[in-house]
Amino acid sequence: MKTNRRCRALLAVSLNLMALLFSTTAFITTHWCEGTQRVPKPSCGKEKKTNCLNYGGNETANETNQNVVHYSWETGDDRFLFRYFHTGIWYSCEENINAAGEKCRSFIDLAPASEKGVLWLSVVSEVLYIMLLVVGFSLMCLELFHSSSVIDGLKLNAFAAVFTVLSGLLGMVAHMMYTQVFQVTVSLGPEDWRPHSWDYGWSFCLAWGSFTCCMAASVTTLNSYTKTVIEFRHKRKIFEQGFREEQNFLDQEAIKYFRERSVQPVTPSGEASMDSAGFRKPRLSPTSA
């Protein structure tokens with residue numbers, strides 16, 4: 001029983017550690033959602049010769065005079081670039097079409113004013129989710145390596161299960177709130193940021209993978225606690241049943257003994273009585289008495 005209980009505790013610790021690593025990685029990365037944004041091509045210049053619009057006429061005059069009308073032979077989607085972007089809880093980064101690398105903006109600033117409160121609730125829930133995972137992981141480690149008795153281990157096991165379940169519920173709520181905020185931002189966010197097409201990224205998958213590992217750890221911990229309690233109750237029941245049978249056996253022996261003693265014949269006054277060892281005891285005369 002002790003080996004099986006230790007294996008279950010080790011499995012719960014491993015699942016909780018995976019959930020903690022996944023959630024921390026998802027929280028600090030910017031690949032919850034990713035896709036493309038359609039932006040107008042920039043004007044061609046000395047430093048940019050490709051993926052740009054080549055307007056006719058004097059380029060220097062066109063750059064200095066803002067009232068000049070620019071003409072281009074490109075129409076439809078040929079006039080636009082599709083740049084890659086990825087967004088996390090904190091930042092949204094998109095490809096820089098004018099230079100190498102990426103440029104990032106705060107996603108909290110991009111979210112509509114009506115959704116900022118929900119976004120901050122999502123951030124707070126994510127922080128609490130990670131903190132409760134740390135508490136659950138610490139209790140599981142204490143139960144696995146430093147529990148002095150089975151009763152203390154069961155108490156730590158119960159508290160670890162409660163904290164892990166609470167953290168999983170908070171994580172689920174946080175992920176759903178962030179998804180809602182992102183979808184609203186896609187529709188009502190700044191026009192220069194709105195995605196043309198998007199999908200969920202690997203950070204989003206890590207976040208829900210963390211939730212799955214968290215709930216699996218809580219189920220394993222509760223299973224270990226329940227199974228240990230059931231085993232103790234079963235052993236106690238067997239012990240009490242054996243104790244009652246032994247007590248009944250002793251009571252029956254005592255009743256039998258006293259019953260046999262009560263039915264022994266009374267010896268005459270002239271005969272010697274028998275002692276418990278089977279020897280004859282001499283009768284005492286009145287004078288000697």
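In the predicted model, Cys93 is buried, with a relative accessible area of 5%. A disulfide joins Cys93 to Cys104, with an S to S distance of 1.9 Å. Cys93 lies in strand β3 and Cys104 in strand β4, so the bond ties together parts that are 11 residues apart in sequence. Unlike Cys93, which is buried, Cys104 is partly exposed, its relative accessible area being 44%. The torsion about the S-S bond is about 105°, and the disulfide is therefore right-handed. A search of the whole structure returns 1 disulfide. Other cysteines were also examined. Cys213 is buried at a relative accessible area of 11%; the closest cysteine sulfur, in Cys214, is 8.8 Å from the sulfur of Cys213, which is too far for a bond. Cys7 has a relative accessibility of 48% and counts as partly exposed.

Strands β3 and β4 are also linked by charged side chains. Glu94 forms a salt bridge with Arg105, and the closest N and O atoms are 3.1 Å apart. Glu94 belongs to strand β3 (residues 91-95) and Arg105 to strand β4 (residues 102-106), with the two positions 11 residues apart in the count along the chain. The two partners differ in exposure: Glu94 counts as buried at 1% relative accessibility, whereas Arg105 counts as partly exposed at 25%. Arg105 forms a salt bridge with Asp192 as well, the closest N and O atoms here being 3.2 Å apart. Asp192 sits in the loop between α5 (150-188) and β5 (197-200), while Arg105 lies in β4, so this pair ties together parts that are 87 residues apart in sequence. Asp192 counts as partly exposed, with a relative accessibility of 45%. Glu94, Arg105 and Asp192 are thus members of a network of salt bridges. The search of the whole structure finds 2 salt bridges.

The secondary structure of the protein chain comprises 6 helices and 7 strands. From the N terminus on, the order of the elements is α-β-α-β-β-β-α-α-α-β-α-β-β. The chain has 289 residues, of which buried residues make up 34%. In the UniProt record, an unreviewed entry, the feature "transmembrane region" is placed at residues 127-146, 158-180 and 200-226. In the model, the span of residues 158-180 is 100% helix and 0% strand. The end C-alpha atoms of residues 158-180 lie 34 Å apart.

Nonpolar residues were then considered. The largest nonpolar core contains 27 residues, and the members that touch the most other members are Trp32, Phe107, Leu119, Tyr178 and Phe182. At least two residues of this core are supplied by each of α1 (2-28), α3 (107-110), α4 (116-145), α5 and α6 (202-262). A second core, separate from the largest, has 10 residues, including Val13, Leu139, Leu144 and Ala217.

Helix α1 also holds the polar residue Ser23. Ser23 counts as buried, at 2% relative accessibility. The C-alpha atoms of Ser23 and Phe211 are separated by 8.0 Å, although the two residues are 188 residues apart along the chain.

Nonpolar side chains also occur on the surface. Val124, Val127, Leu128 and Met131 form a nonpolar patch there, with about 320 Å² of accessible area together. Within this patch, Val127 is placed in helix α4 and counts as partly exposed at 35% relative accessibility. Residue 127 is also the start of one of the spans that the UniProt record gives as "transmembrane region", residues 127-146.

Terms used:
Residues numbered from 1 in each chain as written. Predicted model: local features only at pLDDT ≥ 70, side-chain atom pairs only at ≥ 80, totals over all residues. Heavy atoms only, no water. UniProt positions renumbered as here; feature names shortened; annotations may be inferred. Helix = DSSP H or I, 4+ residues; strand = E, 2+ residues; numbered from the N terminus. Salt bridge = Lys/Arg side-chain N within 4 Å of Asp/Glu carboxyl O. Buried < 20%, exposed > 50% of the residue type's maximum accessible area, 1.4 Å probe, protein only. Core = buried A, V, L, I, M, F, W, Y, C linked by side-chain atoms within 4.5 Å. Patch = residues over 30% accessible without salt bridge, like charges linked within 9 Å, V, L, I, M, F, W, Y side chains within 5 Å. Areas by Shrake-Rupley, 256 points an atom, 1.4 Å probe, with all protein chains shown as cover. Disulfide = S-S within 2.5 Å.
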